[in-house]
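Please look through the sequence and the model below before reading on. The report that follows describes how the chain is packed and what lies in its interior.

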Amino acid sequence: MTLKYYQDNAQTFFDGTVNVDMSSLYETFTQYLAPGARVLDAGCGSGRDAKAFLGMGYQVEAFDASPAMVGLAREHTGLPVQLMTFADVDWKEEFDGIWCCASLLHVPAVELPGVMRRLADALKLGGVWYVSFKYGDGEREVDGRWFTDMDEDDLNTLVSSLTAIEVGDVWLTQDKRPDRKEIWVNGILRKKDCN
């Protein structure tokens with residue numbers, strides 16, 4: 001369902017998101033990264049964020065589940081963006097940072113704990129992980145896309161099931177797109193240095 005939406009609307013989605021100024025969120029994330037750190041943009045969409053991190057000197061890997069979005073992201077970033085889903089993630093302690101901007105929100109709630117464990121496994125000890133969800137509670141389908149909404153308590157509960165991950169900070173922001181009034185819950189997660 002969600003995948004079909006992005007296949008059918010890839011260019012429209014790309015055009016509506018690729019130039020959104022995310023610098024304040026980048027700063028919150030990158031303050032924890034050493035120069036040249038290895039970053040995974042998980043569910044990269046247009047490739048906007050992957051390109052930004054590349055421009056900051058980080059080693060970037062990116063993936064998306066939509067073939068059409070992968071094509072656009074490859075063209076935009078010059079990176080070999082991979083076609084894969086969260087279920088395909090099998091890296092082990094390879095990334096200093098993981099960026100999940102508006103991507104995990106498409107994972108059904110019943111699948112989220114398993115997806116979170118896979119991503120946690122991909123993060124190096126001491127690594128940082130950014131996540132964002134539309135603010136709310138429950139699941140819904142809107143115009144052919146599935147959304148799992150979160151509030152602060154939901155996010156803390158989700159992360160509490162991951163023994164190696166701790167919540168560093170949780171905060172709310174308004175959508176960065178000028179035509180949107182939605183509220184987002186953002187989280188900075190950290191992987192503990194020792195289990």
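Buried residues, meaning those under 20% relative accessible area with a 1.4 Å probe and only protein chains counted, make up 49% of the 195 residues in the protein chain. This is a predicted model, in which local features need pLDDT of at least 70 and side-chain atom pairs count only at pLDDT 80 or more, while totals for chains, interfaces and linings use all residues. Residues are numbered from 1 along each chain as its sequence is written, and side-chain values use heavy atoms, with hydrogens and water left out.

The largest nonpolar core, a set of buried Ala, Val, Leu, Ile, Met, Phe, Trp, Tyr and Cys residues joined through side-chain atoms within 4.5 Å, has 33 residues, and those with the most contacts inside it include I98, M116 and W129. Its largest share, 6 residues, comes from α6, where helices are DSSP runs of H or I with at least four residues and strands are runs of E with at least two, numbered from the N terminus. A second, separate core includes L25, Y26, A73 and L79 among its residues.

| Core | Size |
|---|---|
| Largest nonpolar core | 33 residues |
| Second, separate core | 24 residues |

Leaving aside neighbours within four places in sequence, W129 is in contact (heavy atoms within 4.5 Å) with residues including F29, I98, M116, L119 and I188. Across the protein chain, residues 24 or more positions apart account for 64% of the contacts with a separation of 6 or more. The C-alpha atoms fill a box of roughly 45 × 35 × 30 Å, taken along the principal axes.

Conventions: Buried means under 20% relative accessible area, exposed over 50%, partly exposed in between (1.4 Å probe, protein chains only).
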